[in-house]
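Hi everyone, thanks for having me. Let's put the structure up on the screen and walk through it together.

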Amino acid sequence: MVSLTAPYVSGFLAFREVPFLLELVQQLREKEPGLMPQVLLVDGNGVLHHRGFGVACHLGVLTDLPCVGVAKKLLQVDGLENNALHKEKIRLLQTQGDSFPLLGDSGTVLGMPTGQPSPSLSQALRSHDRSTRPLYISVGHRMSLEAAVRLTRCCCRFRIPEPVRQADICSREHIRKSLGLPGPPTPRSPKAQRPVACPKGDSGESSGGAPSPQRQADRTTPGGRRSTAQHQVGQR
């Protein structure tokens, strides 16, 4: 874990977080050069930024590695707004891989190799069929927008690309263990927890007259109340 001393100021995220990320990349270069990544995916923006130079640009330039900005929310800059028109475009993203360019008012060409220059800052990408919220992909460093979108899409098993998602999961688990916090509740399997319902007219007893385990549990419940499992079934 690290101690962040710089305050969070909108538009200046790189000055708060990049020094620690840069140190990690340098350690990897020195100790495990064979594990150096070919591309960095950053939970933040690249050229989609008030100054055209977000955290993904900052980290990419300092490490000289190709870098992609992957943001979960739209940074409203250069005339881009999360308005009704934008939400309608999101609604038209029907399947995984659908995207649309985010066109700023400045007309700046920021990488959209379609054969013709396009004034695009980034793209909104539907990364998964079961997700209705897009990701906002922008160029960070040494990466075209087309390649950045294609790479991000290929990394998505769920909404968030796996490198970013796994980094978040691992870091949260490390913090939990370091601080001695209780772990998350173990997810229950619906199939394993759900008792077999008795057919209509069935007393729940076998032909030999012996009560089923669930029926026996009911009989031994104080006050004649149903067990938790049966109460849950009754509410479904």
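**A walk through the model**

Let's start with one residue: Asp64 is partly exposed, with a relative accessible area of 46%. On that scale, buried means under 20% relative accessible area, exposed means over 50%, and partly exposed is in between, using a 1.4 Å probe and protein chains only. Asp64 sits in the loop between H2 and strand E2 (67-71). Its phi is positive, about 60°, although Asp64 is not a glycine.

Before I go on, a word on what we're looking at. This is a predicted model, where local features need pLDDT of at least 70 and side-chain atom pairs count only at pLDDT 80 or more, while totals for chains, interfaces and linings use all residues. Residues are numbered from 1 along each chain as its sequence is written, and side-chain values use heavy atoms, with hydrogens and water left out.

Okay, the second residue of this kind is Asp78. You'll find Asp78 in the loop between E2 and H3. Asp78 isn't a glycine either, and its phi is positive, near 55°. With a relative accessible area of 25%, Asp78 is partly exposed.

Now let's zoom out. How many helices and strands does the protein chain have? It has eight helices and five strands. Those are DSSP runs numbered from the N terminus: helices are H or I with at least four residues, and strands are E with at least two. If you read along the sequence, the pattern goes α-β-α-β-α-β-β-β-α-α-α-α-α.

The protein chain has 236 residues, and buried ones make up 32% of them. About 15300 Å² of the chain is exposed, with carbon and sulfur atoms supplying 55% of that. Accessible areas here come from the Shrake-Rupley method with a 1.4 Å probe, and for residues only the protein chains shown count as cover. Then there are contacts, meaning heavy atoms within 4.5 Å. Of the contacts in the chain with a separation of 6 or more, 59% are between residues 24 or more positions apart.

Next, a helix pair. Helix H1 (residues 13-31) and helix H2 (residues 55-63) pack at an angle of about 35°, and their axes are 10 Å apart. The axes are lines fitted to C-alpha atoms, for helices over the stretch in contact, and angles run from 0 to 180 degrees between N-to-C directions. Which residues make the contact? On the H1 side they are Leu13, Ala14, Phe15, Val18, Leu21, Leu22, Val25 and Arg29, and on the H2 side Val55, His58, Leu59, Leu62 and Thr63. They divide into ten nonpolar, two polar and one charged. For the record, Ala, Val, Leu, Ile, Met, Phe, Trp, Tyr, Cys and Pro count as nonpolar, Asp, Glu, Lys and Arg as charged, and the others, Gly among them, as polar.

On to helix H3 (residues 84-91), where we meet His86. Is His86 buried or exposed? It's buried, with a relative accessible area of 6%. Leaving aside neighbours within four places in sequence, His86 is in contact with Leu74, Glu81, Phe100, Leu102 and Tyr136. Lys89 is in H3 too, but Lys89 counts as partly exposed at 35% relative accessibility. The C-alpha atoms of Lys89 and Ala124 are separated by 9.2 Å, and these two residues are 35 apart along the chain.

Helix H4 (residues 145-154) gives us Ala148. Ala148 is buried, at 0% relative accessibility. Not counting residues up to four places away in sequence, Ala148 touches Val68, Ile137 and Met143. Leu151 is in H4 as well, and at 28% relative accessibility Leu151 is partly exposed. With the neighbours within four places left out, Leu151 is in contact with Val39, Leu41 and Met143. Leu151 and Leu41 are 110 residues apart along the chain, with 9.6 Å between their C-alpha atoms.

Last topic: confidence. pLDDT is the predictor's confidence in each residue, from 0 to 100. The chain's mean pLDDT is 78, and 72% of its residues reach 70 or more. Over residues 109-118 pLDDT stays under 50, and the model has 17 contacts beyond four places in sequence for them. Residues 194-236 are also below 50, and that stretch has 22 contacts beyond near neighbours in sequence. Where pLDDT is low, the predicted coordinates should not be read in detail.

That's my tour, thanks!
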